[in-house]
Amino acid sequence: MTAPGALGTVLLGIESSCDETGVGLVRVTGGAPELLGQALASSQDEHARFGGVVPEIASRAHLEAMTATVHAALADARVTPGDVGAVAVTCGPGLAGALLVGVAAAKAYAAAWDVPLFGVNHLAGHVAADTLEHGALPTPTLALLVSGGHTQLLRVGDLAGTISELGSTVDDAAGEAYDKVARLLGLGYPGGPVIDRLAAEGDPAAVHFPRGLTGPRDSRYDFSFSGLKTAVARHVEATRRAGLVVQVPDVCASFQEAVVDVLAAKTVDAATELGIGTVVIAGGVAANRRLRELAQQRCAAAGLQLRVPRPGLCTDNGAMIAAVGAHVLAAGGAPSPALLTGDPGLPVSVVHVC
Ligand code: KG4
Ligand code: ZN
């Protein structure tokens, strides 16, 4: 049931939790939100020489890009400010200074346009991105959220409010492991896309790397990737000490196989054990070609339906934030208070702050 008055509302979403300034526009419909347009500015190139995101640089870049990105998204959606009926913004989790810029901008637009403001959860946004492409999610859905900062298995009851965590990484996130391994191989930042590309030319069976937390007594829905990262570092050191050349494509392929094998296995096991028939994989690492392929094979074999958004909707963007806002608005959720602030540690169970 869509809340009275919500139907047809155009919602502008702002994302600024890390190194992407994203703005998206969606329309509330009787089903999943409709994507109208979006724009993205990235400070990734400015972080590359540091091998990871520098928070101060990210905040400054958001500040410089925000207004132009809002204008570009409105133009892309062929929408004028007068058409916008609500604003949504990522208020966590993420980098404190980066969140601050998005929240301040969203408050300013909401006040200037005299429309309600919804502070929403970035992680819920990654899952909601899929509804823009594949329609409403069945209840419940099992979500694997794999990004640079998070790796979690989630039970999604409804995107407007009931998301619970079944398990998460006990150390590094999957994307973080890609970024750290890329750094130690001298491949730059972000590591995911380049390792994805190089792995396609390598042999995934060349080096056997460990699969974290897959022993019989290990926590079934939790993940660990720091041992894998150390194993890659040891392999590289030992190869160099032996006077041999590191076979970078083989190391990439073998590392990637260890990551996606664990992600796919735990996700399929959780869905099967909990009797959940639909799986969504979301977040930046969901753009990975091998993860998409292996998860598809294993879900099909287990009789599960797999949904993965197109790569451009997997990495951070504003449309996914507008999508959560639309789900909350459609369910009759209350707007956020005027004193809304960013919360770097916002738990995934808090889909919107009110
Ligand atoms: O969701 P996201 O854009 O930002 C966060 O919320 O963290 O995810 C970024 C992460 C980075 O660690 C990046 O290396 C990884 O997603 N990533 C990938 C791929 N594209 C981005 N990892 C593996 N394969 C990819 N194709
Ligand atoms: Zn993200």
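## Report on a predicted model with a zinc ion and a second ligand

His62 counts as buried because its relative accessibility is 1%, and the cut-off for a buried residue is under 20%. The structure described here is a predicted model.

**His62 and its surroundings**

The residue belongs to helix H2, which spans residues 55–77. From this helix, the side chain of His62 reaches the backbone oxygen of Ser16 at a distance of 3.2 Å. Ser16 is also among the residues in contact with His62 when neighbours within four places in sequence are left aside. The other residues in that set are Cys18, Asp19, Glu20, Thr21, Ala98 and Val101.

**The zinc ion**

Which residues coordinate the zinc ion (ligand 2)? The donors are His122 and His126, each through NE2, and Asp316 through OD, at 2.0 to 2.1 Å. Along the sequence, these donor residues follow the spacing H-x3-H-x189-D. The pair His122 and Asp316 links distant parts of the chain, with the two positions 194 residues apart in numbering. His122 is in helix H4 (residues 122–134), whereas Asp316 is in the loop between helix H10 (311–314) and helix H11 (319–330). Both His122 and Asp316 are buried.

**Ligand 1**

Around ligand 1 there are 20 residues, of which Gly148, Asp179, Gly192, Asp196 and Asn288 come nearest. His126, a donor to the zinc ion, also has a polar side-chain atom 3.1 Å from an oxygen atom of ligand 1. The table lists this distance together with those for Asp179 and Asn288.

| Residue with polar side-chain atom | Atom of ligand 1 | Distance |
|---|---|---|
| His126 | oxygen | 3.1 Å |
| Asp179 | oxygen | 2.7 Å |
| Asn288 | nitrogen | 3.0 Å |

On its own, ligand 1 has 550 Å² of accessible area, and the protein covers 90% of it.

**The six-stranded sheet**

Six strands form an open sheet with mixed pairing, in the order E3-E2-E1-E4-E5-E11. Its edge strands are strand E3 (34–42) and strand E11 (352–353), each of which pairs on one side only. Within the sheet, strand E1 (residues 10–15) and strand E2 (residues 20–27) pair in the antiparallel sense over six bridges. In this arrangement, Ile14 stands opposite Val23 in E2. Glu20 and Thr21, which are in contact with His62, fall within the residues 20–27 of strand E2.

Conventions:
Residues numbered from 1 in each chain as written. Chains lettered and ligands numbered in written order. Predicted model: local features only at pLDDT ≥ 70, side-chain atom pairs only at ≥ 80, totals over all residues. Heavy atoms only, no water. Donors = N, O, S within 2.8 Å, 3.2 Å for Na, K, Ca; no water. Helix = DSSP H or I, 4+ residues; strand = E, 2+ residues; numbered from the N terminus. Buried < 20%, exposed > 50% of the residue type's maximum accessible area, 1.4 Å probe, protein only. Polar contact = N/O pair within 3.5 Å; in protein donor to acceptor, adjacent residues only side chain to side chain. Contact = heavy atoms within 4.5 Å. Near = heavy atom within 4 Å. Areas by Shrake-Rupley, 256 points an atom, 1.4 Å probe, with all protein chains shown as cover. Pairing = 2+ DSSP bridges.
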